Amino acid sequence: MCRILVILALAVLLLQGPDTHKPMQLRIGALLVHTRPLPLGPGAPPPDAAGALAFLGGWELTSDNPGFGGISALRVDPDGRLLALSDSGTLMGFSLSPGDSRHRPFIAPLPVKPDERDKSWWMWDTESLTSDPATGRSWAGIELQQRICRYSPGFARVEACRVWPEVDAWPTTGSIESLARLPDGRFAAIAEMGMTSDGYHDMLLFPSDPADPATAHPIHLRYAPPQGYRPTDLVALDNRRLLVLNRRLTLQELFTATIAVIELPADPAPGTRIQAYTLARLAPPLLADNFEGMAISRAGGRTQLWIVSDDNHQSFQRTLLLRFALPDDLAR
């Protein structure tokens, strides 16, 4: 019975959206994040315990700042700084090496337009994040408002936002969980709960910047996830191959996650089916939680994958950060 109640509570947290009556608690300024190293599983799991991914490290993240947590998206900068984005529009910048003088840990809300400063915090349900390393600009997908916004380098200001009818048709609390910029300037987004008529997840491929009013309408593709899973984040490896983070909640295992690879055709036609191929599965007894954010970084000739969980600001959940090395055939 206890397990059933936990499942019901988690399902409500995932489906109902933010608590609009709860005040936002956030102390803007410096941020101290505590990191506790964790093994991937009990004992010494074999190197292939997480499938094709090699485990490099895991941490539980905590902070005394009440605004920390609720992480839905993640970015890892070349200098090693982690930038996390919560589902209340809060940016958190920190490092796994607190003594690193190159980084100034901080917590602050996303910038908004002057005429939108009176909007309640829960209206900024930011669920996805992607960036252009060449320009320093970033894009975020905002549920409830069903729009994609572009931010200037360093998140100094919001440059543009756009609501697409294709996104507006998705459920307001199950829409832009996944957003990725491809190196050639295209963007891809997958709906968490927006489905096609034949049961696939609606996937949009934008020809260019989705916040730009001059960008043409995207084409619809059909994403086929691992059975029983829903997509929660997306990162591009190159112009064709992308990684998808998928989540599932069941009575037997609670939260589990899969990391899958997809490949876009060279010239995809509308309605093309995009099949996910599982690289790794995170389920008990391995570390498993409500994984929602994913990022890639490159260091020392290796391509690394980072995954972070959303604790929903609940005491019975955790903010977990995991780091893996990609297999050589994907790291090229």
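Trainee: Which residue in strand 6 does A84 stand opposite?
Mentor: This is a predicted model. Strand 5 (residues 82-86) and strand 6 (residues 90-94) run antiparallel and are joined by four bridges. Across that pairing, the residue opposite A84 is M92.

Trainee: On the strand 4 side, which residue stands opposite A84 in strand 5?
Mentor: Strand 4 (residues 71-76) also runs antiparallel to strand 5, with five bridges between them. One partnership in this pairing joins V76 to L82. The residue opposite A84 is L74.

Trainee: Which residue takes a positive phi in the hairpin of strand 5 and strand 6?
Mentor: The hairpin of strand 4 and strand 5 has five residues between the strands, and G80 in its turn has a positive phi of about 95 degrees. The hairpin of strand 5 and strand 6 has three residues between the strands. There the positive phi, near 75 degrees, belongs to G89.

Trainee: Which residues of strand 5 point the other way from L82, A84 and S86?
Mentor: In a regular strand, side chains alternate between the two faces of the sheet. L82, A84 and S86 point one way from strand 5, and the residues on both sides are buried. Those pointing the other way are L83 and L85.

Trainee: How many of the residues of strand 4 are buried?
Mentor: Buried means under 20% relative accessible area. Its partner, strand 5, is mostly covered, with five of its five residues buried. Strand 4 is mostly covered as well, and its buried count is six of six.

Trainee: Is the aromatic pair of W139 and F187 stacked or edge-to-face?
Mentor: The search of the whole structure finds six aromatic pairs. In this one the ring centres are 4.9 Å apart. Planes over 60 degrees apart count as edge-to-face. The planes here stand at 65 degrees, so the pair is edge-to-face.

Trainee: How many residues apart are W139 and F187?
Mentor: W139 is buried at 5% relative accessible area, and F187 is buried at 1%. W139 belongs to strand 9 (residues 138-143) and F187 to strand 13 (residues 187-195). The pair links distant parts of the chain, and the separation is 48 residues.

Trainee: What kind of aromatic pair do Y151 and F155 form?
Mentor: Y151 is buried, with a relative accessible area of 1%, and F155 is buried at 10%. Their ring centres are 5.6 Å apart, with 40 degrees between the planes. An angle that is neither under 30 nor over 60 degrees leaves one class. The pair is tilted.

Trainee: Which strand supplies the largest share of the lining of the largest cavity?
Mentor: The search finds one cavity of 30 Å³ or more, with a volume of about 30 Å³. Its lining includes R147, C149, Y151, V158 and C161. Strand 10 (147-151) and strand 11 (158-163) each supply at least two lining residues. The largest share, three residues, comes from strand 10.

Trainee: How many residues of that lining are charged?
Mentor: Besides those from the two strands, the lining residues include P111, V112, K113, E116 and W124. By class, seven residues of the lining are nonpolar and no residue is polar. The charged residues number three.

Trainee: Over the face of which residue does R162 lie?
Mentor: For a charge to sit over a ring, CZ of Arg must be within 6 Å of the ring centre. R162 is 3.5 Å from the ring centre in question. The ring belongs to W164.

Technical notes:
Residues numbered from 1 in each chain as written. Predicted model: local features only at pLDDT ≥ 70, side-chain atom pairs only at ≥ 80, totals over all residues. Heavy atoms only, no water. 1 Å grid on protein atoms, 1.4 Å probe; cavity = no way out; pocket = protein on both sides within 12 Å on 5 of 7 lines; lining within 4 Å. Points joined across faces, edges and corners; volume = space filled by probe spheres on them. Nonpolar A, V, L, I, M, F, W, Y, C, P; charged D, E, K, R; others polar. Phe/Tyr/Trp six-rings, centres within 6.5 Å; stacked < 30°, edge-to-face > 60°. Buried < 20%, exposed > 50% of the residue type's maximum accessible area, 1.4 Å probe, protein only. Lys NZ or Arg CZ within 6 Å of the ring centre and 35° of its normal. Pairing = 2+ DSSP bridges.
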